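Student: I would like to learn how to read a fold from its strands inward. Where do we start?

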Amino acid sequence: MRTIKLPDTIKLPTLLDPWDQQEPSGPDATGIYNFYRNLAEGDLTTTKCKDCGKMNFPPTMLCSNCLSNNLEWVKIPEEGELYAFSVMALGVPLIIDTYAPFVVAIARFGDYPENGVQISGIIFDSKYEELKIGDKVKWEVIEIQGPGEKKRYWYCFRKI
Ligand SMILES: [Zn+2]
């Protein structure tokens, strides 16, 4: 598993730090907790509407299509297709600027838009010149260390 190490001195305002939503209880708890728990267990998941079948990303508590709250957590198909990409070399957020330049991409997983999602992510292991629209990609979970002892999880894409 890829690991990203963050410095120990980051302090974000509460509203800008979504990581508290990883907690299953407490004042910052939300229904999005499952997203982070599933990432920690190695799965990229999202919510799918049981009424109309729409898969939403990011996961939501209400379906963006029919506003139903009758949702279930589903694993996003592991293999997808590169839809768009660019290089991020300048203006990279300070906490990951040491990893720049890197490719940022939009990829489609599943049968988008009927039964799939279109999501953005970083591709660390391919250069811009090595990629083309339509390339097969897969998502993989990455571990983010810090600040401090906290361990967090996110995802990136890899060309296959
Ligand atoms: Zn729906």
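Tutor: Start with what a strand is, and when two of them pair. Strands are DSSP runs of at least two residues, numbered from the N terminus. Two strands pair if DSSP finds at least two bridges between them. Keep in mind that this is a predicted model. Now take a case: Phe85 has Ala105 in E6 as its bridge partner.

Student: Which strands does that bridge belong to, and in what sense do E5 and E6 pair?

Tutor: In general, strands of a sheet pair through backbone hydrogen bonds, either parallel or antiparallel. E5 and E6 are antiparallel, over eight bridges. Ala105 also has a bridge partner in E7, namely Gly121. E6 and E7 run antiparallel over nine bridges.

Student: How many residues lie between E6 and E7?

Tutor: Three, and the two strands form a hairpin. Farther along this pairing, Val103 stands opposite Ile123 in E7.

Student: Let me step back. How many helices and strands are there in the chain?

Tutor: One helix and nine strands. From the N terminus the order is β-α-β-β-β-β-β-β-β-β. Of the contacts between residues at least 6 apart in sequence, 51% join residues at least 24 apart.

Student: What is the strand order in the open sheet of three strands?

Tutor: The order is E3-E2-E4, with antiparallel pairing. Strand E3 (55-56) and strand E4 (71-75) are the edges, each pairing on one side only. Strand E2 (residues 45-49) pairs with E4 over five bridges. One of the bridges joins Cys49 to Leu71 in E4.

Student: Now the interior. What should I expect of nonpolar side chains?

Tutor: In soluble globular proteins, nonpolar side chains tend to be buried together. Here the largest nonpolar core has 17 residues. Ala105, Ala107, Val117 and Phe157 have the most contacts inside this core.

Student: Which strands supply at least two residues each to the core?

Tutor: They are strand E5 (79-88), strand E6 (102-111), strand E7 (115-123), strand E8 (136-145) and strand E9 (151-159). E6 gives the most, with four residues.

Student: Why is this core said to lie between domain 1 and domain 2?

Tutor: Because domain 1 (13-75) and domain 2 (77-160) both give residues to the core.

Student: What is Phe157 in contact with, apart from its neighbours within four places in sequence?

Tutor: Its partners are Ala105, Ala107, Gly121, Ile123, Val137 and Trp139. Two of these names came up earlier as a bridge pair: Ala105 and Gly121.

Student: What share of the chain is buried?

Tutor: Buried residues make up 18% of the 160 residues.

Student: Let us turn to the loops. Which peptide bond ending at Pro101 should I inspect?

Tutor: The bond from Ala100 to Pro101 is cis, with omega near -5 degrees. Pro101 sits in the loop between E5 and E6. A second cis bond runs from Tyr112 to Pro113, with omega near 0 degrees. Pro113 is in the loop between E6 and E7, the two strands of the hairpin.

Student: What backbone feature marks Leu67?

Tutor: Leu67 has a positive phi of about 65 degrees although it is not a glycine. Leu67 belongs to the loop between E3 and E4.

Student: Is Leu67 buried or exposed?

Tutor: Apply the cut-off: a residue is exposed if 12 or fewer other C-beta atoms lie within 10 Å of its own. Leu67 has 10, so it is exposed.

Conventions. Residues numbered from 1 in each chain as written. Predicted model: local features only at pLDDT ≥ 70, side-chain atom pairs only at ≥ 80, totals over all residues. Core = buried A, V, L, I, M, F, W, Y, C linked by C-beta atoms within 7 Å. Buried ≥ 20, exposed ≤ 12 C-beta atoms within 10 Å, placed from the backbone. Domains from an automatic or database assignment. Contact = placed C-beta atoms within 7 Å.
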